[in-house]
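Open the model in your viewer and keep the sequence panel beside it. The tour goes from the whole chain to single residues.

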Amino acid sequence: PGVTDTDLNLRSIVDFIRENDLDRFPVELLPYNHLAESKYDKTGINTRGVEKYFQMGLPQQSREVLMEKMKIFSDAGLHVRILSLE
């Protein structure tokens with residue numbers, strides 16, 4: 001949240017999709033996944049530079065926030081859906 005899901009970044013993704021003729025593929029949005037934190041610990045993956053985001057206690061995006069982000073893609077005429085972690 002607030003890192004890769006900014007409106008500016010999402011609009012840049014829309015531009016990238018259009019510029020590279022990728023609009024035939026659906027866009028899938030996922031809420032921030034807290035489970036990744038424990039996966040990094042268990043697998044020993046190098047998280048240098050990433051751990052600061054884990055320590056920030058970022059909240060998982062609400063469905064309402066994801067719906068707002070979804071609108072950026074749908075307004076651009078792209079097929080978009082929200083994937084659930086449940």
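Helices here are DSSP runs of H or I with at least four residues, strands are E runs of at least two, and both are numbered from the N terminus. By that rule, Lys69 has its place in helix H4. We return to this residue below. Keep in mind that the model is predicted.

**The whole chain**

Colour by secondary structure. You should find four helices and two strands. Follow the elements from the N terminus: the order is α-β-α-α-α-β. Now colour by accessibility. Of the 86 residues in the protein, 23% are buried. Then turn to the contacts with a separation of 6 or more: 76% of them link residues 24 or more positions apart.

**The H1–H4 pair**

Select residues 7–19, helix H1, and residues 63–75, helix H4. Their axes lie 10 Å apart, and the packing angle is about 30°. How do the two helices run relative to each other, roughly parallel or roughly antiparallel? Angles under 35 degrees count as roughly parallel, so H1 is roughly parallel to H4. The crossing of H1 and H4 is right-handed.

Show side chains at the contact. From H1, pick Asp7, Leu10, Arg11, Ile13, Val14 and Ile17. From H4, pick Lys69, Ile72 and Phe73. Six residues of this contact are nonpolar, three are charged, and none is polar.

**Lys69**

Centre on Lys69 in helix H4. Is this lysine buried or exposed? The cut-off for buried is under 20% relative accessible area. Lys69 has 15%, so it counts as buried. Look for its partner: the side chains of Lys69 and Asp7 are joined by a polar contact of 3.0 Å. Next, display what else surrounds Lys69. Leaving aside neighbours within four places in sequence, Lys69 is in contact with Asp5, Asp7, Leu10 and Leu29.

**Phe73**

Move along helix H4 to Phe73. Its relative accessibility is 1%, so Phe73 counts as buried. Which residues does Phe73 touch, not counting those up to four places away in sequence? From H1 come Leu10, Ile13, Val14 and Ile17. The others are Val27, Leu29, Leu78 and Val80. Draw a distance from the C-alpha atom of Phe73 to that of Val14. The separation is 6.6 Å, although the two residues are 59 apart along the chain.

**Asp15**

Go back to helix H1 and select Asp15. Asp15 is partly exposed, with a relative accessible area of 40%. Draw a second C-alpha distance, from Asp15 to Ala76. It comes to 9.3 Å, with the two positions 61 residues apart in sequence numbering.

**The loops**

Which backbone angle stands out at Asp21? Its phi is positive, about 55°, although Asp21 is not a glycine. Find this residue in the loop between H1 and strand E1 (27–29).

Continue past E1 to Leu30. This leucine lies in the loop between E1 and helix H2 (35–43). At 48% relative accessibility, Leu30 counts as partly exposed. Finish with one more C-alpha pair, Leu30 and Gln60. They are 30 residues apart along the chain and separated by 9.6 Å.

**Last view**

Return to the H1–H4 pair and show Lys69 and Phe73 together. Both belong to the contact of H4 with H1. Lys69 carries the 3.0 Å polar contact to Asp7, and Phe73 is buried at 1% relative accessibility.

How values were computed: Residues numbered from 1 in each chain as written. Predicted model: local features only at pLDDT ≥ 70, side-chain atom pairs only at ≥ 80, totals over all residues. Heavy atoms only, no water. Axes fitted to C-alpha atoms, helices over the stretch in contact; angles between N-to-C directions. Parallel < 35°, antiparallel > 145°, perpendicular 65-115°, else oblique. Left-handed = near helix turned anticlockwise from the far one by under 90°. Contact = heavy atoms within 4.5 Å. Nonpolar A, V, L, I, M, F, W, Y, C, P; charged D, E, K, R; others polar. Buried < 20%, exposed > 50% of the residue type's maximum accessible area, 1.4 Å probe, protein only. Polar contact = N/O pair within 3.5 Å; in protein donor to acceptor, adjacent residues only side chain to side chain.
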